[in-house]
Amino acid sequence: MTDARIAEHADALLRAQTSAVPIPQLTTRGDLDLSAAYQIQREVFTRRIADGERHTGFKLGFTSRAKMIQMGVEEVIGGLLCSSMAWLDGDVADPRRLIHPRIEPEVVFRLGRDVADDESVEAAAGAVDAVAVGLEIIDSRYADFRFSLADVVADNASAAGYVVGPWQQPTGDLAQHGVILDVDGRIAETGSTAAILGDPWRAFRAAVRLSRALSVPLSAGHVILAGAATAAIPFVGGAAVRATVSGLGSVTLTLGTPAEGSR
Ligand code: OOG
Ligand code: MG
């Protein structure tokens with residue numbers, strides 16, 4: 001794909017995100033292969049960084065069957081996280097910046113040091129200095145939240161926001177922890193961290209490999225989202241959504257109503 005075409009697709013996605021108006025899938029306008037899709041993802045991100053955002057980490061998508069089945073996509077994908085996506089536990093997110101947001105529970109890794117290009121993925125696990133429960137807001141820039149694999153890759157794996165609960169000491173055992181997603185105290189989804197590629201640590205290693213294939217640095221202070229263990233649920237105005245992972249604690253995010261969004 002030509003640079004001009006990549007720039008055109010990046011423009012469209014960036015405009016959809018900043019105006020909160022969805023666009024048709026890019027693949028309805030011609031072929032898009034995965035490598036071009038990742039180039040578009042990177043181009044949008046480069047523009048956001050040029051606009052003053054900071055690179056804060058990396059996310060995986062479709063690491064669980066629940067997510068693959070929900071969205072009809074069968075391959076693990078990566079996306080880039082930046083500072084304007086980061087919320088604090090208990091925050092109220094502004095719905096005016098979102099199109100049709102959904103929210104899902106995540107396991108989050110924090111890096112205490114850079115991951116070196118030449119270290120093994122096993123050694124890279126030693127860079128993790130904390131783990132936590134998280135919530136991710138996904139907000140496809142495509143109409144009706146529908147996309148092909150290449151579309152969703154170009155759209156940065158639908159990344160729109162994330163919030164991290166209290167950091168915990170990293171533990172080798174993350175594989176069999178119960179996951180609960182509740183809305184205003186009512187359970188909406190339940191699952192197990194085993195749904196995340198069998199073990200969130202396996203997702204961490206997949207993130208190291210994928211970030212290398214994409215030449216995305218993993219640096220001290222970055223967070224890595226392992227991918228949701230359950231299907232995502234609609235994030236509706238006024239709803240307080242909490243994710244709990246047994247042994248890791250809880251984290252909450254509320255979506256404001258249009259009149260009261262905090263930012
Ligand atoms: C893509 C994002 C997938 C996950 O955790 O599996 C993802 C989407 O579902 O729109 O973030
Ligand atoms: Mg996710």
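Me: What makes α1 (3-19) and α2 (34-50) contributors to the lining of the second largest cavity?

Reply: Each of these two elements supplies at least two residues of that lining, and α1 gives the most, with three residues. They count as helices because they are DSSP runs of H or I with at least four residues, whereas a strand is a run of E with at least two, and both kinds are numbered from the N terminus. This is a predicted model, in which local features need pLDDT of at least 70 and side-chain atom pairs count only at pLDDT 80 or more, while totals for chains, interfaces and linings use all residues. Residues are numbered from 1 along each chain as its sequence is written, chains are lettered from A and ligands numbered from 1 in the order in which they are written, and side-chain values use heavy atoms, with hydrogens and water left out.

Me: Why is this space called a cavity, and which residues line it?

Reply: On a 1 Å grid over the protein atoms alone, a cavity is a set of points where a 1.4 Å probe fits but cannot get out, whereas a pocket is an open set with protein on both sides within 12 Å along at least five of seven lines, and lining residues have an atom within 4 Å of a point. For the second largest cavity the lining is L13, L14, Q17, V44, R48, R141, A154, D155 and N156. Its volume is about 80 Å³, a volume being the space filled by probe spheres set on points that are joined across faces, edges and corners.

Me: What makes the lining of the second largest cavity four nonpolar, two polar and three charged residues?

Reply: Ala, Val, Leu, Ile, Met, Phe, Trp, Tyr, Cys and Pro count as nonpolar, Asp, Glu, Lys and Arg as charged, and the others, Gly among them, as polar. L13, L14, V44 and A154 are therefore the nonpolar residues, R48, R141 and D155 the charged ones, and Q17 and N156 the polar ones.

Me: How do you know which space ligand 1 takes?

Reply: A molecule sits in a cavity or pocket if more than half of its atoms lie within 2 Å of its grid points, and by that test the space taken by ligand 1 is the largest cavity. The elements that give two or more residues to the shell around the ligand are β1 (55-61), α3 (65-71), β5 (102-111) and β6 (128-138). The largest cavity has a volume of about 100 Å³, and of its 18 lining residues K59, F62, K67, I138 and A157 are the closest to its centre.

Me: Why are the approaches of K59, F62 and E106 to ligand 1 called polar contacts?

Reply: A polar contact is a pair of N or O atoms within 3.5 Å (within protein, one must be able to donate a hydrogen and the other to accept it, and residues adjacent in sequence count only if both atoms are side-chain atoms). An oxygen atom of ligand 1 is 2.8 Å from an N or O atom in the side chain of K59, a backbone N or O atom of F62 lies 2.8 Å from a ligand oxygen, and a polar side-chain atom of E106 lies 3.1 Å from one, so each pair meets the limit. Taken alone the ligand exposes 320 Å², of which the protein buries 100%, with areas from the Shrake-Rupley method and a 1.4 Å probe, where for residues only the protein chains shown count as cover.
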